[in-house]
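Visitor: I want the reasoning behind the labels, not just the labels. Take me through it step by step.

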Amino acid sequence: MKQDPLLIRSSPQKPGRERRSVIAQGILWSGFFQVFLVGTNFVSMLVLVRLLPPGEFGRAAAATGILAVLNCFNCSLFIAQALQLREGEEPDWTAHWRAGLYIQLALFLVCNAMAGLAWLVPPYQPMAALLHLASIGLLIDCPNQIGLTSLRRALDYRSLRVVQAACTFLTMISSIALAFLGFGAFALIIGSNVLHGIPVAVHLFAVRKWRPPRTWWQWPDWHGYRAPLRFGAQMSGSALLTAGRAFLESLVLPGAIGYEAFGLLNRAQVLFATTVGRVNSLVLETVYPVLPRSADNPTQFARHAGLYVETMLLLSIPGAIFVGLEGPLLSRLLYGPKWIAADPLIWPGTILAWGVAATLIFTAVLQAQNRLRLAFACSLVAACACLPAIVLVSLGQSTRIYAWALALGQVAAAGVSAFLASHFLREGWWQRGFAVPVLVASCAAVVVIISNAWVTPFSAPVKLLIHSALFAGVALLILRGCFPELLRELVLRLPGHAYFAKALRLQVR
């Protein structure tokens with residue numbers, strides 16, 4: 001009997017140094033992908049913000065808020081149960097295919113039904129056609145999710161990043177071409193919600209030569225699919241709460257502040273997500289498949305999860321402070337001068353985006369430990385934190401007040417998530433994860449602010465380059481001088497760590 005290609009490629013047991021080597025390779029490929037992602041996002045953003053007015057971004061953001069709720073039940077959440085399996089256990093990809101096929105068909109029908117309702121309500125009519133179009137992406141998403149999850153399960157980071165790069169390139173090319181032809185918000189939806197995952201399916205079927213069963217349309221054995229259903233249901237509940245803010249914004253903001261203000265707020269938040277936030281998501285994708293495999297050993301898990309959290313916070317906290325400081329320069333460089341109205345929203349938008357990212361960091365730790373109820377509690381707190389802001393904007397408060405209320409609520413939610421996850425982290429993680437990054441970033445920020453006086457004559461790109469070098473240089477000097485052990489521990493996990501350790505004069509034991 002011919003073996004399933006996805007089972008052949010599953011990763012063998014990789015203990016100790018070998019697993020560390022796999023993660024280092026994953027970080028290396030993630031680094032290459034990050035450079036590519038930044039470049040393509042820069043080109044895409046540079047072009048799209050000049051071709052599309054803020055109102056079109058607002059329409060797309062409103063439709064995406066509805067799609068975010070529907071994707072809370074995406075088959076990806078059920079298929080992700082494959083990542084929770086211990087060493088030696090193999091996922092049943094045929095069962096995932098059959099279940100995922102019907103899950104996505106149901107989402108396709110619901111999306112079209114919601115689009116039909118949107119046609120009946122004048123404020124929501126601008127997003128109705130977008131939802132009809134986006135439903136196609138939902139219908140064809142099952143093979144994409146099987147392909148991505150199986151690559152992550154196999155720890156095949158090279159193939160994963162190459163395929164994701166193809167997806168990113170296709171999204172960029174299609175969005176720019178359609179925007180140039182005058183398709184407006186449709187260009188954004190087609191590129192990111194319909195065409196984006198097609199290279200994954202092509203790789204799954206044409207390169208890896210995986211095939212669904214002959215009776216691929218057969219009704220799933222839901223009884224035998226209980227474990228993924230149970231896991232997916234828990235994850236869907238958490239995802240639904242996470243998407244609740246976007247859904248409420250899609251319902252309330254078009255009528256309260258208009259599509260243009262909605263677009264400005266969206267751009268302010270995305271400024272962090274498309275820069276530092278990209279690094280966070282890539283590290284999470286690289287490390288998470290390994291975390292559940294050590295969940296049975298509390299000491300080992302605490303060390304792995306603690307290092308993961310500390311690394312993520314050391315990246316995201318200084319990154320958020322830098323984006324908040326340099327937000328107007330980044331906005332001019334990425335979006336152009338017509339988006340100057342978004343400047344007052346950059347700080348709250350950045351803090352909001354960081355709060356969301358930090359909550360996900362700690363939720364991932366709980367999820368890896370299979371503490372799904374606690375992960376759900378984190379999502380519940382984050383969802384409830386947005387309610388005061390929704391009430392304020394409904395009562396006529398400005399977009400800026402709404403943004404600050406959202407930001408403070410999300411920071412509070414991140415604090416609750418940190419408290420719940422702290423029981424599974426190594427001792428002293430708080431000092432290394434919060435105190436050190438805040439101290440390092442604050443000192444670097446002071447140097448950047450002082451330097452403003454002598455970089456004023458330079459152009460915006462040169463200013464940004466100088467400030468970036470100063471901020472990174474000061475942060476690295478403080479880490480090397482005051483916290484060498486923390487820096488050494490992080491450097492040892494990097495590919496080519498011997499060269500970095502030598503350059504930084506760190507002792508490798």
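Guide: Leucine 155 sits in the loop between helix 7 and helix 8 (157–180). The model is predicted.

Visitor: Why is leucine 155 called buried?

Guide: Buried means under 20% relative accessible area. Leucine 155 has 8% relative accessibility, so it counts as buried.

Visitor: What makes the phi of leucine 155 worth a remark?

Guide: Its sign. Most residues other than glycine have a negative phi. The phi of leucine 155 is near 55°, a positive value, and the residue is not glycine.

Visitor: Where does lysine 209 lie, and what is its phi?

Guide: Lysine 209 is in the loop between helix 10 and helix 11 (226–256). Its phi is positive too, near 60°. Lysine 209 follows helix 10.

Visitor: Is lysine 209 buried or exposed, and how do you know?

Guide: Exposed requires over 50% relative accessible area. Lysine 209 has 54%, so it is exposed.

Visitor: Which residues of helix 10 are buried?

Guide: They are Pro199, Val200, Ala201, His203 and Leu204. Helix 10 also takes part in a nonpolar surface patch, giving two or more residues to it.

Visitor: What makes that a patch, and which residues form it?

Guide: Two tests matter here. Each member needs over 30% relative accessible area, and nonpolar side chains are joined within 5 Å. The members are Leu105, Leu109, Ile136, Leu139, Ile140, Ile198 and Val202. Together they have about 530 Å² of accessible area. Helix 5 (93–120) and helix 6 (125–139) also give two or more residues each.

Visitor: How do you know that isoleucine 140 is partly exposed?

Guide: Partly exposed is the range between under 20% and over 50%. Isoleucine 140 has a relative accessible area of 35%, so partly exposed is the label. Isoleucine 140 is found in the loop between helix 6 and helix 7 (142–153).

Visitor: Turn to the rings. Why is the pair of phenylalanine 362 and phenylalanine 434 called stacked?

Guide: A pair of aromatic rings is described by the distance of the centres and the angle of the planes. Centres must lie within 6.5 Å, and planes under 30 degrees apart count as stacked. Phenylalanine 362 and phenylalanine 434 are 6.4 Å apart, centre to centre, with 20° between the planes. Both tests are met, so the pair is stacked.

Visitor: What does that pair tie together?

Guide: Phenylalanine 362 lies in helix 15 (residues 346–368), and phenylalanine 434 in helix 19 (residues 429–455). The pair therefore ties together parts that are 72 residues apart in sequence. Both phenylalanines are buried.

Visitor: Why is the pair of tryptophan 430 and phenylalanine 434 tilted?

Guide: Tilted covers plane angles that are neither under 30 degrees nor over 60. The planes of tryptophan 430 and phenylalanine 434 are at 45°, with the ring centres 6.3 Å apart, so the pair is tilted. Both residues lie in helix 19, 4 residues apart, about one turn of the helix.

Visitor: How do tryptophan 430 and phenylalanine 434 get their exposure labels?

Guide: Tryptophan 430 has 49% relative accessibility, so it counts as partly exposed. The cut-off for exposed is over 50%. Phenylalanine 434 has 17%, so it is buried.

Visitor: How many aromatic pairs are there in the whole structure?

Guide: A search finds 13. Ring pairs also link Tyr102, Trp219, Trp222 and Tyr225 into a cluster.

Visitor: How do you know that lysine 463 has no salt bridge?

Guide: A salt bridge needs a side-chain nitrogen within 4 Å of a carboxyl oxygen. For lysine 463, the nearest side chain of opposite charge is glutamate 326, 8.5 Å away. That is beyond the cut-off, so there is no salt bridge. Lysine 463 is nevertheless buried. Its place is in helix 20 (residues 460–482). Leaving aside neighbours within four places in sequence, lysine 463 contacts Leu329, Val455, Thr456 and Phe458.

Visitor: What makes isoleucine 351 partly exposed?

Guide: Isoleucine 351, in helix 15, has 23% relative accessibility, so it counts as partly exposed. Buried would need under 20%. Not counting residues up to four places away in sequence, isoleucine 351 touches Trp404, Ala407 and Val411.

Notes
Residues numbered from 1 in each chain as written. Predicted model: local features only at pLDDT ≥ 70, side-chain atom pairs only at ≥ 80, totals over all residues. Heavy atoms only, no water. Buried < 20%, exposed > 50% of the residue type's maximum accessible area, 1.4 Å probe, protein only. Lys, Arg positive; Asp, Glu negative; His and termini not counted. Contact = heavy atoms within 4.5 Å. Patch = residues over 30% accessible without salt bridge, like charges linked within 9 Å, V, L, I, M, F, W, Y side chains within 5 Å. Areas by Shrake-Rupley, 256 points an atom, 1.4 Å probe, with all protein chains shown as cover. Phe/Tyr/Trp six-rings, centres within 6.5 Å; stacked < 30°, edge-to-face > 60°.
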